[in-house]
Amino acid sequence: MSVTIRKLSPDKIELAEQLYQEYMKLNVPREQALRQSIEREDSEILVAETQGRVIGLIHQVFYIDPLHAGVCSNILFLCVREPFRRQRIGTLLLEGALNSAARIGVREVHVSTRADNFAAMKLYEKFKFEHAGPLFECTPGKLDEQHVA
Ligand SMILES: CC(C)(COP(=O)(O)OP(=O)(O)OC[C@H]1O[C@@H](n2cnc3c(N)ncnc32)[C@H](O)[C@@H]1OP(=O)(O)O)[C@@H](O)C(=O)NCCC(=O)NCCS
């Protein structure tokens, strides 16, 4: 199977959206967010394509971080469609993202995943990512003041 890694193009947004939908079964329209993401210079979406189909995707965002005195990045999403897993497509996508990061002089690339996501952790460890602590999440504007006090 021949797989190409390239930037997500506007004509493939619908296919990319299906991949998000397959992973995160919430029925949320993502077309606009994807379109905005590919137009921004501080955001890169790479897709793995075979015969015109999108079979994997990685989204990386770049930001200036005074703490690291330079540009850092965050990998927001990495996913390979289920039938295509374990065929090095995740590896190719991550390689592509890390090459982009190196090209623009990123100081540190961050990525997080659930503690039980063995496949993702193995992949990141293979690329010499180091464990950097637990992940916290919150929804701003929905804080219960009693819990914050
Ligand atoms: C994580 C994910 C992207 C890996 O993609 P992939 O194309 O299957 O990965 P690769 O074939 O490139 O695997 C590279 C290495 O990762 C590790 N790995 C990948 N899948 C694994 C699994 N199911 N179990 C154990 N190790 C695994 C292995 O070390 C593998 O190397 P090997 O095949 O030589 O042993 C894929 O499983 C996926 O899309 N999962 C759902 C989405 C997700 O969890 N994303 C990451 C969190 S945001």
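**Two pockets and a ligand**

About 630 Å³ of space lies in the second largest pocket, and this part of the structure, which is a predicted model, makes a convenient place to begin. The second largest pocket has a lining of 20 residues, and those that lie nearest its centre are V111, E130, H131, A132 and G133. Two elements, the strand β5 and the helix α4, each give two or more residues to this lining, and the largest share, which amounts to four residues, comes from β5. Sorted by class, the lining of the second largest pocket is made up of ten nonpolar, five polar and five charged residues.

From there we can turn to the largest pocket, which has a volume of about 1500 Å³. A total of 39 residues line the largest pocket, and the closest to its centre are L78, C79, N117, A120 and Y124. The elements that contribute two or more residues to this lining are α1 (13–23), α2 (31–39), β4, α3, β5 (108–111) and α4, so named because helices and strands are numbered from the N terminus. The lining of the largest pocket contains 21 nonpolar residues, together with ten polar and eight charged ones.

What takes up the space of the largest pocket? The answer is the ligand, since the space that the ligand takes is the largest pocket. Around the ligand there are 20 residues, and the closest of them are L78, R86, G90, T91 and N117. Three elements, namely β4 (70–80), α3 (89–103) and α4 (118–126), each supply at least two residues of the shell around the ligand, and α4 gives the most to that shell, with seven residues. When the residues of this shell are divided by class, ten are nonpolar, five are polar and five are charged.

It remains to look at individual atoms, where three residues can be followed one by one. In R88, a backbone N or O atom lies 2.8 Å from an oxygen atom of the ligand. K126 approaches through its side chain, with a polar side-chain atom 2.8 Å from an oxygen atom of the ligand, and R85 likewise has a polar side-chain atom that lies 3.4 Å from an oxygen atom of the ligand. As for how much of the ligand is covered, the ligand has 910 Å² of accessible area on its own, and the protein covers 79% of that area.

Notes. Residues are numbered from 1 along each chain as its sequence is written. This is a predicted model: local features need pLDDT of at least 70, side-chain atom pairs count only at pLDDT 80 or more; totals for chains, interfaces and linings use all residues. Side-chain values use heavy atoms; hydrogens and water are left out. A residue is near a molecule or strand if one of its heavy atoms lies within 4 Å of it. A polar contact is a pair of N or O atoms within 3.5 Å; within protein, one must be able to donate a hydrogen and the other to accept it, and residues adjacent in sequence count only if both atoms are side-chain atoms. Accessible areas come from the Shrake-Rupley method with a 1.4 Å probe; for residues, only the protein chains shown count as cover. On a 1 Å grid over the protein atoms alone, a cavity is a set of points where a 1.4 Å probe fits but cannot get out, and a pocket is an open set with protein on both sides within 12 Å along at least five of seven lines; lining residues have an atom within 4 Å of a point. A molecule sits in a cavity or pocket if more than half of its atoms lie within 2 Å of its grid points. Ala, Val, Leu, Ile, Met, Phe, Trp, Tyr, Cys and Pro count as nonpolar, Asp, Glu, Lys and Arg as charged, and the others, Gly among them, as polar. Grid points are joined across faces, edges and corners, and a volume is the space filled by probe spheres set on the points.
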